[in-house]
Amino acid sequence: VIQAWYMDDSEEDQRLPHHREPKQFVSIDRLAELGIISWRLNANDYENDEGLKKIREARGYNYMDICDICPEKLPNYEAKIKSFFEEHLHTDEEIRYCVAGSGYFDVRDEKDQWIRIAVKKGGMIVLPAGIYHRFTLDTDNYIKALRLFVGEPVWTPYNRPHDHLPARREYVDAFIKKP
Ligand code: KMT
Ligand code: NI
């Protein structure tokens, strides 16, 4: 339910997979080195799932809502799709649990290369505060995701560059190794 790979640098449709040739996959352990945590959960019963409950308790994710991304349900669809795909960071974790459909979370590695993380039904992912990232639907064009948060949610995206923000500095100190 979660797979990741290095992206090519073609300007083609953002919803295509953009594998390199040959394909260059990235393991869950490598993602963890960038501060990205993920789980596989049972999305058929997300409203009563014990696994999700435990994660929420352990990590303090008291806030939760649902984000249904299709033209009929998301107000300002085109503009939002566009802004999701602008490279940005947040001052808090971005926590998403895909309960239907699928999508791509792209993140920058230590060398500023794009890693594409494909999340499908049952995949839950945490992008750490301060990581540069973006989101796009894939060619199936649909995702239903739970958004979680610690406390009152703050969704503000800071488009790149925002290297002076404390959240960015802390991310770099913790995860980007310096020569
Ligand atoms: C975000 O912040 O990029 C989003 O909420 C994308 C949709 S959640 C699958
Ligand atoms: Ni974001």
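This is a short tour of the structure above, with a suggestion at each stop for what to select next. Keep in mind that the model is predicted.

**Stop 1: the whole chain**

Start with the protein chain shown as a cartoon. You can look for four helices and 11 strands. The radius of gyration is 16 Å, close to the 16 Å that the globule rule gives for 179 residues, so the chain is as compact as a globular protein of that length. Turn the model around: along its principal axes, the C-alpha trace spans about 45 × 35 × 30 Å.

How much of the chain counts as buried? Of the 179 residues, 25% do. Now think about which parts of the sequence meet. Among contacts with a separation of 6 or more, 75% are between residues 24 or more positions apart.

**Stop 2: the nonpolar core**

Next, select Y97, F105, V107, I117 and I125. These are the residues with the most contacts inside the largest nonpolar core, which has 29 residues. Then colour strand 6, strand 7 (114-120), strand 8 (123-127) and strand 10, since each of them supplies at least two residues of this core. Which strand gives the largest share of this core? It is strand 6, with seven residues.

Stay here a moment and centre the view on I117. Leaving aside residues up to four places away in sequence, I117 touches I2, A4, L31, Y104, F105, V107 and I125. Two of the names in that list, F105 and V107, will come up again at a later stop.

**Stop 3: around ligand 1**

Now select ligand 1. Which residues are around ligand 1? They are C67, I69, F84, E94, R96, G103, F135, I143 and A145. Strand 4 (63-69), strand 6 (94-108) and strand 10 (143-149) are the elements that give two or more residues to this shell. The largest share, three residues, comes from strand 6, the strand that also gives the largest share of the core.

Try colouring the shell by residue character. You should find six nonpolar residues, one polar residue and two charged ones.

**Stop 4: the recorded binding site**

Select H88, H90, E94 and H133. In an unreviewed entry, UniProt places the feature "binding site" at these positions. They are spread over 46 residues of sequence, yet they cluster in space, with a largest C-alpha distance of 11.4 Å. Let's visit three of them in turn.

- **E94.** This residue is found in strand 6, and E94 is also one of the residues around ligand 1. Is E94 buried or exposed? A residue with 20 or more neighbours counts as buried, and E94 has 23 C-beta neighbours inside 10 Å, so E94 counts as buried.
- **H133.** Look for this one in strand 9 (residues 133-137). H133 is buried as well, with 23 other C-beta atoms within 10 Å. Setting aside residues up to four places away in sequence, H133 touches F105, D106, V107 and L127. F105 and V107 are the two you met in the core.
- **H90.** This residue lies in the loop between strand 5 (88-89) and strand 6. H90 counts as buried because it has 20 C-beta neighbours inside 10 Å. With residues up to four places away in sequence left out, H90 touches A129, T156 and P157.

**Stop 5: a helix that is hardly covered**

Move to helix 2 (residues 50-59). How many of its 10 residues are buried? The count is one, and the helix is hardly covered. Then click on G60, which follows helix 2 and has a positive phi, near 75°.

**Stop 6: P17 in a loop**

For the last stop, select P17. You will find P17 in the loop between strand 1 (2-6) and strand 2 (25-26). P17 is partly exposed, with 14 other C-beta atoms within 10 Å. Add W5 to your selection and draw a distance between the two C-alpha atoms: P17 and W5 are 12 residues apart in sequence and 9.2 Å apart in space.

Conventions:
Residues numbered from 1 in each chain as written. Chains lettered and ligands numbered in written order. Predicted model: local features only at pLDDT ≥ 70, side-chain atom pairs only at ≥ 80, totals over all residues. Buried ≥ 20, exposed ≤ 12 C-beta atoms within 10 Å, placed from the backbone. Near = placed C-beta within 6 Å. Nonpolar A, V, L, I, M, F, W, Y, C, P; charged D, E, K, R; others polar. Rg over C-alpha atoms; globule rule 2.2 N^0.38 Å. Contact = placed C-beta atoms within 7 Å. Core = buried A, V, L, I, M, F, W, Y, C linked by C-beta atoms within 7 Å. UniProt positions renumbered as here; feature names shortened; annotations may be inferred.
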